[in-house]
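Thank you all for making the time this morning. I would like to walk through one structure with you, beginning with a contact region and then moving outward to a few individual residues.

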Amino acid sequence: MSSLTVLGCMWGDEAKAKIVDFLGASADVVVRFQGGANAGHTIVADGVKYVFHTVPSGILYPGSKCVIGSGTVVDPFGLQEEMQALMQKGIEFTGRLFIDERAGLVLPLHKALDSSTEETLGKAKIGTTGKGIGPAYSDQTARCGLRLGDLKHPGWLKERLASLYRYHGQEISTRRLNAELKALAEVGEFLKPFADQADALVREWYLAGQSILFEGAQGTLLDLTYGSYPFVTSSHTISGGASTGTGFPPRWLDRSIGVYKAYATRVGEGPFPTELFDATAERIRKTGNEYGATTGRPRRIGWFDAVAGKYTAALNGIDSLAVTLLDVLSGIPELKICTGYWLGNRKLAGWPSHPLELAEAQPEYLALKGWDADLGKLRSLSRLPKNAREYLEAIQDLLEVPVKLVSVGKDRTQTIVVK
Ligand code: IMP
């Protein structure tokens, strides 16, 4: 029996999908436990491009089962589109995809509320992906949200949808309400074969000795509680989320891998202590293709932040590190890693919980020599340039967690396993 949680440990976009895809080969079940279509990634396998937002990328392995857990929020129309696009590329879902009936629904109303809230916030906006995530989770917490299982019960669905509009003080004509219900009935038919009490299945599979891989979305610094609040997403991206978002007992969460990009990026608003605004940032953005997968927004770029990294490793109980996009740093003469934060003449003990302190924190840096070699073809740690090895060692020492995987390119094979 074994379970493994793969978590993005910064602000998302750490190339988790590449790591999940790499490790997915040995997983029987891949489980998404939080977030929704705010996540997005593309996987190229055997020259074919697959786009994912809500479906776990493990679906690419014909022998794997995939689960969308109760802690996620599902846009049923978007999910149908995503599944149909994958079906056209030959992906089989029957008997392989299980969506927990308790997953919250993201409705057109939530997307409208997402953009109107951002507009109202003005300068204080979060910079959301606009996918309706915050409003959908808020409705779940307020106990007025709809869930996937509601699609099976037309009378109940009608009542709940009408009262949801009332809850938000929105008028909806009978014609519009009926049109929305009809669309929901159709998408409900499509999703029906996949809706289940997925929690029981995952527990059963674990006890039967199958290996379960929990695939985190977004990153720890976007966690609703422990991230850079209020500039966060609305779900629990930390390792504990894998338990609450699937009904999997916490003591069965065996190991966890923290995915860290070799530098830092962030999309959306909010403090980012190591952010760079110079030619190095531009170079990294271009080489690393640092543009949002869901929104196309250019990502903000910064140096690797070991203060944040140590915080997230501790918070998640990370056992080993996967460092991604190391190849992107080739050719930069000097690299920096943030080793401490200063507030005026006071050194902070670690990651501050208040956004004002985070915004004012001045990073202290360790400077390291860069390397020139193209890393894309290298497959062992010993073949990496000495300076690249020293860079990884610095990360490992500062985070006090061993590096086990290093990604040096997009392809599945461009992965170094540290012995
Ligand atoms: P929301 O999740 O759309 O509500 O957005 C809240 C914050 O999380 C914004 O700063 C987004 O840019 C960020 N965010 C949401 N999903 C992702 C992701 O998959 N990668 C990186 N940032 C994300």
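How many residue pairs does the rule find in polar contact across the interface of domain 1 and domain 3? The answer is 19, with both partners of each pair at pLDDT 80 or more, and I mention that threshold at once since what you have in front of you is a predicted model.

As for the elements on the side of domain 1 that touches domain 3, those giving two or more residues are α1, spanning 16–24, β3, spanning 41–45, and β11, spanning 255–261. The most is given by α1, which provides five residues. If we sort that side of domain 1 by class, we find 20 nonpolar, nine polar and six charged residues.

Let me step back to the overall division, in which domain 1 is made of 2–101 together with 194–256, domain 2 covers 105–191, and domain 3 covers 260–417. The C-alpha centres of domains 1 and 3 are 24 Å apart, and 35 residues of domain 1 are in contact with 39 residues of domain 3. Between them these two domains bury about 2,900 Å², and 62% of that area is on carbon and sulfur atoms. On the domain 1 side, W11, D13 and K18 together supply 24% of the area buried against domain 3, which is more than any other three residues supply.

Now to the charged pairs. Two salt bridges are counted between domain 1 and domain 3, out of 17 found in a search of the whole structure. D13, which I have just named for its share of the buried area, has its side chain in a salt bridge with that of R299, at 3.2 Å from N to O. That pair does not stand by itself, in that D13, K261, E290 and R299 are linked in a network of salt bridges.

Within that network, E290 and K261 form a salt bridge whose closest N and O atoms are 2.9 Å apart. E290 sits in the loop between α9 (279–287) and β14 (300–302), while K261 is in strand β11, so the pair ties together parts that are 29 residues apart in sequence. E290 counts as buried, because its relative accessible area is 1%, and K261 is likewise counted as buried, at 3% relative accessibility.

For contrast, I would put two further salt bridges beside that one. E364 pairs with K347, with closest N and O atoms 3.0 Å apart, and this links distant parts of the chain, as E364 belongs to strand β19 (362–369) and K347 to strand β18 (346–347), 17 residues away. Here E364 is partly exposed at 26% relative accessibility, and K347 is partly exposed at 41%.

The other is the salt bridge of E186 with K182, where the closest N and O atoms lie 3.4 Å apart. Both residues are in helix α6 (174–191), and because they are four residues apart there, about one helical turn separates them. E186 is partly exposed, with a relative accessibility of 49%, whereas K182 counts as exposed at 55%.

Is α1 enclosed or open to its surroundings? Eight of its nine residues are buried, so this helix is largely enclosed by the rest of the structure. The buried residues are K16, A17, K18, I19, V20, D21, L23 and G24, and K18 is also one of the three residues I singled out for the area buried against domain 3.

Helix α4, residues 133–141, has I133, P135, A136, Y137 and D139 buried. Among the elements covering these buried residues are β6 (73–74), β8 (104–105), α3 (108–121) and α5 (154–167). After α4 comes R143, which has a positive phi near 65 degrees.

Finally, a residue in a loop: I332 lies between β16 (320–324) and β17 (334–343), and it counts as buried because its relative accessibility is 4%. Setting aside neighbours within four places in sequence, I332 is in contact with T280, R283, I284, W303, G370 and W371. The C-alpha atom of I332 is separated by 57 Å from that of S163, and these two residues are 169 residues apart along the chain.

Note on methods
Residues are numbered from 1 along each chain as its sequence is written. This is a predicted model: local features need pLDDT of at least 70, side-chain atom pairs count only at pLDDT 80 or more; totals for chains, interfaces and linings use all residues. Side-chain values use heavy atoms; hydrogens and water are left out. Domain bounds come from an automatic or database domain assignment. Contact means heavy atoms within 4.5 Å. Buried area is the accessible area (1.4 Å probe) that two parts lose on being put together, summed over both. A salt bridge is a side-chain nitrogen of Lys or Arg within 4 Å of a carboxyl oxygen of Asp or Glu. A polar contact is a pair of N or O atoms within 3.5 Å; within protein, one must be able to donate a hydrogen and the other to accept it, and residues adjacent in sequence count only if both atoms are side-chain atoms. Ala, Val, Leu, Ile, Met, Phe, Trp, Tyr, Cys and Pro count as nonpolar, Asp, Glu, Lys and Arg as charged, and the others, Gly among them, as polar. Buried means under 20% relative accessible area, exposed over 50%, partly exposed in between (1.4 Å probe, protein chains only).
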